[in-house]
Amino acid sequence: MSESIVPPEVRPKPAVPAKPPHVAAPSPTAPHGPSGLGGGFGVDRVPGLGHSGSGSTLLGYIGIDTIIEQMRKKTMKAGFDFNIMIVGHSGLGKSTLVNTLFKSQVSRWSSGWGGEHKIPKTVEIKAVSHVIEEGGVKMKLTVIDTPGFGDQINNENCWDPISKYINEQYEKFLKEEVNIARKKRIPDTRVHCCLYFISPTGHSLRQLDIEFMKHLSRVVNIIPVIAKSDTMTPDEKNEFKHRVRKELETHGIEYYPQNEFDDDMEDKNENDKIREAMPFAVVGSDKEFQVNGKRVLGRKTAWGVVEVENPNHCEFALLRDFLIRSHLQDLKEVTHNIHYETYRARRLNDNGGLHPISANNTQESNL
Ligand code: GDP
Ligand code: MG
């Protein structure tokens, strides 16, 4: 039997839309222009991309670069989810820091007005969502608080409820993915980032810190931070940071951004700098002070006001820039491509295939 090759369906070509006025025409001499395109993908350049090899001519603008604008518009419309978990014993300033990061009351404080703060007997998981909008972009931010962590006399396995919660979100996503009538956009409740608060003792990490990060770094992006760093002198802070970094290394704890997931040399160089500066020694506050005629967030200490956003005073701004302004998308990608993928592969292997769930929750067939 001979295989016949079906010619591609010939359809009338849609009229090429005129180049949007705000998009500059790609110049054949531009440094990141056409010459960079073909090489990166290891394919031959085609005349339409402006390559003027033998016999080919510059045929004009196609409009491939408008994909960026198209993606921007879609993201603006759809918005995105970002889920951040905060872990560390009570009173370390977790709620304050997240509120400072997102400039709003996205996490509840330890105690209400005059109310007494009760430490729960076991670790609780509390997820609270808010929609934050900036520049027309909507972010559904979920802060997952873990009150009770590290507060018990016996803290053995107190990461279990946290690990269970993280896996439950992967499971939820997986079930949606294999659903026959799956949603166009699967709601993403997976934990993209876990901020782990280290007590500013100036000594060393506690056994619980080591155990938690060891267990959880395999399933979630952990970012360790040194809490309430205004309670240490600059020398104490630097020494403590150095010691914590050494201990993390000794115990083989891989925190985010993990070495092995650097995309290329540029990524590696950028991430190396961040890794060398971690864990960030942060300060959070909801109080404003007048400094040099400007209102700034800060904390009053014996030696003056510690300005939260001043990089000479603490590393809050470094953390904010890293977490939100440069690595937010990467945190989501590593969660999806590495942590979720590992869960998914294990789950499908263990189970010999998941049972997909149809819209009315009846099982229909194996994967
Ligand atoms: P959580 O239990 O970890 O969520 O801690 P909270 O955010 O509720 O803060 C507990 C107490 O510590 C509050 O009185 C805060 O004002 C205070 N606090 C929060 N962040 C800092 C900080 O960076 N430095 C200092 N010195 N105190 C802080
Ligand atoms: Mg709190």
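## Two strands side by side

Let's start with strand S4 (residues 193-198) and strand S5 (residues 222-226), which pair in the parallel sense over five bridges. One of the bridge partnerships links Leu195 with Ile223 in S5. Keep in mind that this is a predicted model.

If you're new to sheets, here's the basic idea: the strands of a sheet pair through backbone hydrogen bonds, and they can do that in a parallel or an antiparallel way. In this structure, S4 and S5 belong to an open sheet of six strands, with the order S2-S3-S1-S4-S5-S6 and mixed pairing. At the edges sit strand S2 (126-134) and strand S6 (280-281), each of which pairs on one side only.

## The chain as a whole

Now zoom out. The chain has nine helices and nine strands. It runs to 367 residues, and 40% of them count as buried. Take the contacts with a separation of 6 or more: 66% of them are between residues 24 or more positions apart.

What about the outside? The accessible surface comes to about 22200 Å², and carbon and sulfur atoms own 53% of that. Ile67, Ile68 and Met71 make a nonpolar surface patch of about 300 Å². Met71 is in helix H2 (residues 67-78), and it counts as partly exposed because its relative accessibility is 49%.

## A buried asparagine in the sheet

Which strand holds Asn83? Look at strand S1, residues 80-87, and you'll find it there. With a relative accessible area of just 2%, Asn83 is buried.

Asn83 has plenty of company, too. Leaving aside neighbours within four places in sequence, its contacts include Lys140, Thr142, Ile144, Asp188 and His192. Cys193 is also among them.

## Cysteines without a bond

How many disulfides does the chain have? The count is zero. Cys193 is in no disulfide, and the nearest cysteine sulfur, on Cys194, is 7.0 Å away. A disulfide needs the two sulfur atoms to be within 2.5 Å, so that pair doesn't qualify.

Cys193 has 0% relative accessibility, so it counts as buried. Cys314 is buried as well, with a relative accessible area of 2%.

## Charged partners

Side chains of opposite charge can pair when their charged atoms come close. This chain has 22 salt bridges. One of them joins the side chains of Glu124 and Lys126, at 3.4 Å from N to O. Glu124 is partly exposed, at 30% relative accessible area, and Lys126 is partly exposed too, at 40%.

Helix H7 is worth a closer look. Lys268 forms a salt bridge with Asp272, with their closest N and O atoms 2.7 Å apart. These two are four residues apart in helix H7 (residues 265-277), so about one helical turn separates them. Asp272 also forms a salt bridge with Arg275, and here the closest N and O atoms are 2.9 Å apart. Arg275 and Asp272 are three residues apart in H7, again about one turn of the helix. Are Lys268 and Arg275 buried or partly exposed? Lys268 counts as partly exposed at 32% relative accessibility, while Arg275 counts as buried at 10%. Elsewhere, Lys103, Glu309, Arg320, Asp321 and Arg325 are linked in a network of salt bridges.

## Backbone oddities

Most residues other than glycine have a negative phi, and most peptide bonds are trans. With that in mind, check out the peptide bond from Tyr256 to Pro257, which is cis, with omega near 0°. Pro257 sits in the loop between helix H6 (234-250) and H7. The bond from Met278 to Pro279 is also cis, with omega near -5°, and Pro279 is in the loop between H7 and S6.

Two asparagines have a positive phi. For Asn157, phi is near 55°; this residue lies in the loop between strand S3 (137-145) and helix H4 (160-178). For Asn292, phi is about 50°, and the residue is in the loop between strand S7 (288-291) and strand S8 (294-301). Asn157 counts as partly exposed at 38% relative accessibility, whereas Asn292 is exposed, with a relative accessible area of 79%.

Methods:
Residues numbered from 1 in each chain as written. Chains lettered and ligands numbered in written order. Predicted model: local features only at pLDDT ≥ 70, side-chain atom pairs only at ≥ 80, totals over all residues. Heavy atoms only, no water. Buried < 20%, exposed > 50% of the residue type's maximum accessible area, 1.4 Å probe, protein only. Contact = heavy atoms within 4.5 Å. Areas by Shrake-Rupley, 256 points an atom, 1.4 Å probe, with all protein chains shown as cover. Patch = residues over 30% accessible without salt bridge, like charges linked within 9 Å, V, L, I, M, F, W, Y side chains within 5 Å. Salt bridge = Lys/Arg side-chain N within 4 Å of Asp/Glu carboxyl O. Pairing = 2+ DSSP bridges.
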